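Thanks for coming, everyone. I would like to walk through one structure today, taking the charged pairs, then one helix, and then the cysteines.

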Amino acid sequence: PHLSRTTASPHPRGFWDVLQLLPNRTVWLHGDSIMLQMCDAALCSLMRAGVASSPVLGGARPPWMRKLQADTTYNFLTTLLPNGARLMCSGIGIFQRANVEKVLPFVDVAVLNFGLHYHSASHFEGALRAALLSLSAWRMGAPRTRLGLWREGSAQHFKGTGSYTHGAERRQHGGGAQAEEQLPRGRPCACSPLGRDVPAGHNL
């Protein structure tokens, strides 16, 4: 979740490095499948650090979380850490302002990300505006520090192929009539504008 660029060779820091700074606080990761994948990565990172509760997802949920799950229909994943910090995750395709505002008062840090299920700029703009307004009101109305973060969406288009094209992450066009070639192992894929053959709804 965090890269330190203070040295010539950046080194990643695991989730426990971050959550040690948040004792007795609840951190909520919420969004679409990208955020659920981030939650999986977080749980793996905490298990590697030897601090995730055991069983990782089998512990008793506090009453407030059980009530929130019933009120929002969100299927919360959660784990409690030795310093009292709690990681809580949930996922759904699009931003639901009313449900998010039910959860926010119970958490201290909220990391949100949506975008992959929006297919018009105006629809996504409205959702983003509503999300930032909700986070702002939540932050301002707290007796202690709260932190709201919006995670930037991942790139969905790759050089020479376009959004949602099968195998796009593994191929690139040489340009013109040249055939596609496999990228060498370890070489990162490159993003580029969407091509004309991309369906109109795939305008992420």
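**Salt bridges, a helix face and a disulfide**

Let me begin with Glu 125, which forms a salt bridge with Arg 129, the closest N and O atoms being 2.9 Å apart. Please keep in mind throughout that this is a predicted model. Both Glu 125 and Arg 129 belong to helix H5, which covers residues 121-140, and they sit four residues apart, about one turn of the helix. As for their surroundings, Glu 125 counts as partly exposed at 45% relative accessibility, while Arg 129, with a relative accessible area of 51%, is exposed. In general terms, side chains of opposite charge can pair when their charged atoms come close.

How many salt bridges does a search of the whole structure find? The search returns three, so let me go through the other two, with the 4 Å cut-off between nitrogen and carboxyl oxygen in mind.

In helix H4, Glu 101 and Arg 97 are four residues apart, about one turn of the helix, and their side chains meet in a salt bridge with an N to O distance of 3.0 Å. Here Glu 101 is partly exposed, at 37% relative accessibility, and Arg 97 is partly exposed as well, with a relative accessible area of 36%.

The remaining pair is Asp 71 with Lys 67, whose side chains meet in a salt bridge at 2.7 Å, N to O. These two are four residues apart in helix H3, which means that about one helical turn separates them. Asp 71 counts as partly exposed at 37% relative accessibility, whereas Lys 67 counts as exposed at 54%.

That brings me to helix H3 itself, residues 63-72, where Met 65, Leu 68 and Thr 72 are buried. Why do these residues lie on the same side of H3? They do so because they cover an arc of only 60° around the axis. Those buried residues pack against strand S4 (77-80), strand S5 (86-91) and helix H4 (97-103). On the face of H3 turned away from the buried side we find the exposed residues Pro 63, Lys 67 and Ala 70, and Lys 67 is the residue we have just met as the salt-bridge partner of Asp 71. Just after H3, the backbone at Thr 73 takes a positive phi of about 65°.

Strand S5 leads us to the cysteines. The count of disulfides comes to one, and this disulfide joins Cys 39 to Cys 89, with an S to S distance of 2.2 Å. Cys 39 is in helix H2 (residues 33-48) and Cys 89 in strand S5, 50 residues apart, so the pair links distant parts of the chain. For those who follow dihedrals, the link of Cys 39 and Cys 89 has 85° about the S-S bond and is right-handed. Are its two ends buried or exposed? Cys 39 counts as buried, at 1% relative accessibility, and Cys 89 is buried too, with a relative accessible area of 1%.

And what about Cys 44? Its closest cysteine sulfur is the one in Cys 39, at 9.5 Å from the sulfur of Cys 44, which is too far for a bond, given that a disulfide calls for sulfur atoms within 2.5 Å. Cys 44 counts as partly exposed, at 36% relative accessibility.

How values were computed:
Residues are numbered from 1 along each chain as its sequence is written. This is a predicted model: local features need pLDDT of at least 70, side-chain atom pairs count only at pLDDT 80 or more; totals for chains, interfaces and linings use all residues. Side-chain values use heavy atoms; hydrogens and water are left out. Buried means under 20% relative accessible area, exposed over 50%, partly exposed in between (1.4 Å probe, protein chains only). The arc is that of the directions from the helix axis to the C-beta atoms. Contact means heavy atoms within 4.5 Å.
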